[in-house]
Amino acid sequence: MLAVRLGIVCIFKPVRWFLHISTRHLRLHPWRHLFLCALFFAPMWLLDAKRGELAPLASAMKWVCAGGLFLLFLLVSVRELTHRRRRIATSPGWGVLHIISWVYSAKTVSQVFRPTINDMQFEHIQALAEGNPLKARWVLLRGYSSVWSAAVAQAPLSLMKRLYELWKAAS
Amino acid sequence: MKDLPRLSSIETLILELLAEHRELYGLEMMEASRGKLKRGTIYVTLGRMQDKGYVTSREVEAEGRGPARCVYTLTGHGGRVLGAWQMAGAVFARGVL
């Protein structure tokens with residue numbers, strides 16, 4: 001019974017997950033499906049042509065190709081999964097905003113960092129709506145650099161305020 | 001003399017822009033300043049100016065898509081400080097004092 005459960009957990013579920021993600025991915029991008037098929041079948045066809053003289057090598061190469069294909073599928077699936085999750089779950093800048101919220105006061109975050117990130121998101125959405133992904137990336141790069149320069153510019157004042165609060169609390 | 005408010009060049013520029021345009025977004029201020037205001041520091045300055053009471057902000061929902069953004073307005077106190085600062089600058093420029 002334990003072996004069956006282990007089999008389900010270790011083999012069946014990962015395989016099902018892998019197939020689900022792979023097929024979803026391939027359905028969305030047919031040209032990648034074709035490319036992967038070509039990648040898989042071209043060496044097969046070439047090796048089958050030489051099967052007479054290189055039978056053991058052909059067999060080994062088949063396993064290498066199959067393993068390579070499996071790894072490729074796996075990498076694409078993981079990338080697709082993480083990429084999608086990040087895209088759906090958060091808009092750009094919210095991760096940075098969460099990190100900054102730990103360091104700076106709520107007032108500073110709402111006065112300084114949230115408008116900066118909102119501007120970045122606004123420009124990012126505009127660039128995407130224009131159908132310009134390169135500009136969208138540039139906007140993100142520029143936006144993140146401005147967030148960090150704002151963090152550096154705000155740091156001395158916030159640090160002084162925090163030290164004063166600590167001193168006041170201690171006394 | 002000790003209580004006379006002092007304005008930095010960036011603060012003066014922001015107050016002048018707000019006095020001219022009534023209310024502006026941060027990005028619009030950057031565009032109107034022609035590169036004098038930087039993305040990384042404009043909101044730090046605006047935050048300090050809000051603390052001093054020179055400007056106020058309110059959140060405006062995006063019309064089509066995008067997040068709510070802050071629009072900044074000059075306060076009465078900010079307008080008076082700007083007026084006094086410009087007058088003092090003009091007096092110094094004429095060499096009266």
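Start by selecting helix H1 and helix H4 of chain B, whose crossing is left-handed, a term that applies when the near helix is turned anticlockwise from the far one by less than a right angle, the clockwise case being right-handed. The axes of H1(B) and H4(B), the latter covering residues 76-94, come within 10 Å and cross at roughly 115 degrees; such axes are lines fitted to C-alpha atoms, for helices over the stretch in contact, and the angles run from 0 to 180 degrees between N-to-C directions. Helices (H or I, at least four residues) and strands (E, at least two) are DSSP runs numbered from the N terminus.

The model on screen is predicted, so that local features need pLDDT of at least 70 and side-chain atom pairs count only at pLDDT 80 or more, while totals for chains, interfaces and linings use all residues. Residues are numbered from 1 along each chain as its sequence is written, chains are lettered from A and ligands numbered from 1 in the order in which they are written, and side-chain values use heavy atoms, with hydrogens and water left out.

**The H1(B)–H4(B) contact**

Show side chains for B:Thr12, B:Leu15, B:Glu16 and B:Ala19 on H1(B), and for B:Gly78, B:Leu82, B:Trp85 and B:Gln86 on H4(B), which together make the contact, contact meaning heavy atoms within 4.5 Å. By class, these residues are 4 nonpolar, 3 polar and 1 charged, where Ala, Val, Leu, Ile, Met, Phe, Trp, Tyr, Cys and Pro count as nonpolar, Asp, Glu, Lys and Arg as charged, and the others, Gly among them, as polar.

**Loops of chain B**

Move next to B:Arg22, in the loop between helix H1 (9-21) and strand E1 (23-25) of chain B. Its phi is near 75 degrees, a positive value in a residue other than glycine. Most residues other than glycine have a negative phi. B:Arg22 counts as exposed at 68% relative accessibility; buried means under 20% relative accessible area, exposed over 50%, and partly exposed in between (1.4 Å probe, protein chains only).

Then select B:Arg34, in the loop between helix H2 (26-32) and H3 of chain B, where phi is again positive in a residue other than glycine, near 55 degrees. B:Arg34 counts as exposed, at 78% relative accessibility.

For a buried loop position, choose B:Thr75, which lies between strand E3 (69-74) and H4 of chain B and has a relative accessible area of 18%. Beyond its neighbours within four places in sequence, B:Thr75 is in contact with B:Gly53, B:Tyr54, B:Val55 and B:Thr56.

**Where chain B meets chain A**

Select B:Leu27, in helix H2 of chain B, which counts as buried at 7% relative accessibility. Leaving aside neighbours within four places in sequence, its contacts are A:Asp119, A:Phe122 and A:Glu123 from chain A, together with B:Arg39, B:Tyr43 and B:Arg69. A C-alpha to C-alpha distance drawn from B:Leu27 to B:Arg39 should read 8.0 Å, for two residues 12 apart in sequence.

From there, display helix H5 (residues 106-129) of chain A and helix H3 (residues 39-52) of chain B, which pack at an angle of about 140 degrees with their axes 9 Å apart. This crossing is right-handed. H5(A) brings A:Lys107, A:Gln111, A:Val112, A:Pro115, A:Thr116, A:Asp119 and A:Glu123 to the contact, and H3(B) brings B:Arg39, B:Tyr43, B:Val44, B:Gly47, B:Gln50 and B:Asp51. These contact residues divide into 4 nonpolar, 4 polar and 5 charged.

**Along chain A**

Follow H5(A) to A:Phe113, where the helix bends by about 35 degrees, with a proline, A:Pro115, following within four residues; the bend is the angle between axes fitted to the seven residues ending at a position and the seven starting there. After H5(A) comes A:Gly131, whose phi is positive, near 75 degrees.

Now select A:Gln154, in helix H6 (residues 133-170) of chain A, which is buried with a relative accessible area of 4%. Apart from neighbours within four places in sequence, A:Gln154 is in contact with A:Tyr104, A:Thr108, A:Val112 and A:Phe113, and across the chains with B:Val44 and B:Arg48.

**Both chains in full view**

Zoom out to chain A, which has 6 helices and 0 strands and in which 26% of the 171 residues count as buried. Chain B has 4 helices and 3 strands, following the pattern α-β-α-α-β-β-α along the sequence, and buried residues make up 37% of its 97 residues.
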